[in-house]
Amino acid sequence: MYTLFYSPGTASMVIHQALLEIGAPHELRLVDFDKGAQRDPAYLKLNPQGVVPTLLIDGRPMVESAAILMMLADRHPATRLAPAPGTPARDDWYQWIVYLSNSLAATYRFWFYPADLGAPEHSPEVRAALQRKIESVWDRLDAHLAANGPCMLGKEFSGVDLLLIMLMRWSRNMPRPVTEWPALKQYADRMRARASWKALCEREGLVDWVA
Ligand SMILES: N[C@@H](CCC(=O)N[C@@H](CS)C(=O)NCC(=O)O)C(=O)O
């Protein structure tokens, strides 16, 4: 049995959608950011960084969205969130998950949380540098999808797509949202047509950038 500690529209989305894709029984526990619940001492025992997601697996906490995603793919191989181990496609899968985590998710963290860099707000220079970094990832992914789509691993949908569509949604209020890149726009439309995405948005009460 899984219990997902989540906050709507945040890094817990990828795990929520993975659980829906897998069809695994799970319970949702809201971590109310408005009340600072992520810093509650009881929650910090589960997730010492005070962030979401945390997934309880039969009571054992696991943190870090990309790691949880990979763990779920391993535990539920029949749902094909990952290609078979030992195949070139599996190697690509590892590569993209780590790239998205390191290059995109980590930069977004600085974009949305200036305090992580020790400032209440970013200077215009830092803001521009973070924007450039995020947009350079869109350049690379747009070229990749145009040449190798329709999914990140080619024909086969996988957990990489779950991670990417969540990260793409976070750009919606940025100066240049991801939908300005043509192959990524088409990709977003395909991914947002998935039943699990629609169910996810409904369950989390999301209304913008859902379709
Ligand atoms: N590397 C972590 C980052 C998680 C993260 O930064 N989550 C954000 C939401 S997207 C959060 O919980 N923010 C609350 C806070 O920092 O107070 C992961 O991928 O699980």
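This report walks through a predicted model, going from its strands and cores to one helix face and a handful of buried residues.

Let's start at the N-terminal end. Strand β1 runs parallel to strand β2 (residues 26-30), and five bridges join the two. One of the pairings puts tyrosine 2 opposite histidine 26 in β2. To get from β1 to β2 the chain passes through α1, and that β-α-β crossover is right-handed.

Serine 7 sits in the loop between β1 (2-6) and α1 (13-22). Leaving out residues up to four places away in sequence, serine 7 touches Ser12, Leu30, Val31, Phe33, Val52 and Glu204. One of those contacts, Glu204, belongs to helix α8 and is buried there.

Now for the nonpolar packing. The largest nonpolar core has 61 residues, and the ones with the most contacts inside it are Leu55, Leu72, Trp138, Leu141 and Met168. Take leucine 72: beyond its neighbours up to four places away in sequence, leucine 72 touches Tyr2, Ile15, Ala18, Leu19, Ile22 and Leu55. There is also a second, separate core of five residues, including Phe5, Val31, Tyr43 and Leu56.

Helix α8 (residues 195-204) is worth a look down its axis. Its buried residues are Ser196, Trp197, Leu200, Cys201 and Glu204. Viewed along the axis of α8, these fall within an arc of 135 degrees, so they line one face of the helix. On the face turned away from that buried side you'll find the exposed residues Ala195 and Glu202. And what covers the buried residues? The cover includes β1, α1, α6 and α7 (182-192). Just after α8, glycine 205 takes a positive phi of about 70 degrees.

What about disulfides? A search of the whole structure turns up zero. Cysteine 151 is in no disulfide, and the nearest cysteine sulfur, that of cysteine 201, is 18 Å away. Cysteine 201 is likewise in no disulfide, with the sulfur of cysteine 151 as its nearest, 18 Å away. A disulfide needs the two sulfur atoms within 2.5 Å, so a pair at 18 Å doesn't qualify.

Two more residues deserve a mention. Serine 158 lies in the loop between α5 (124-148) and α6 (159-169). Not counting residues up to four places away in sequence, serine 158 touches Arg80, Leu81, Trp93 and Leu153. Aspartate 142, for its part, is placed in helix α5. Leaving aside neighbours within four places in sequence, aspartate 142 is in contact with Trp181, Pro182, Ala183 and Leu184. If you want a sense of distance, aspartate 142 and methionine 1 are 141 residues apart in sequence and 37 Å apart in space, C-alpha to C-alpha.

Here are the relative accessible areas for the individual residues picked out above.

| Residue | Relative accessible area | Class |
|---|---|---|
| Serine 7 | 6% | buried |
| Aspartate 142 | 13% | buried |
| Cysteine 151 | 9% | buried |
| Serine 158 | 1% | buried |
| Cysteine 201 | 4% | buried |

Why does aspartate 142 count as buried? Its relative accessible area is 13%, and buried means under 20%, so aspartate 142 falls on the buried side of the cut-off. The loop residue serine 158 passes too, because its 1% is under 20%.

Conventions. Residues numbered from 1 in each chain as written. Predicted model: local features only at pLDDT ≥ 70, side-chain atom pairs only at ≥ 80, totals over all residues. Heavy atoms only, no water. Buried < 20%, exposed > 50% of the residue type's maximum accessible area, 1.4 Å probe, protein only. Helix = DSSP H or I, 4+ residues; strand = E, 2+ residues; numbered from the N terminus. Contact = heavy atoms within 4.5 Å. Pairing = 2+ DSSP bridges. Right-handed = clockwise from strand over helix to strand, strands pointing away. Core = buried A, V, L, I, M, F, W, Y, C linked by side-chain atoms within 4.5 Å. Arc of directions from axis to C-beta.
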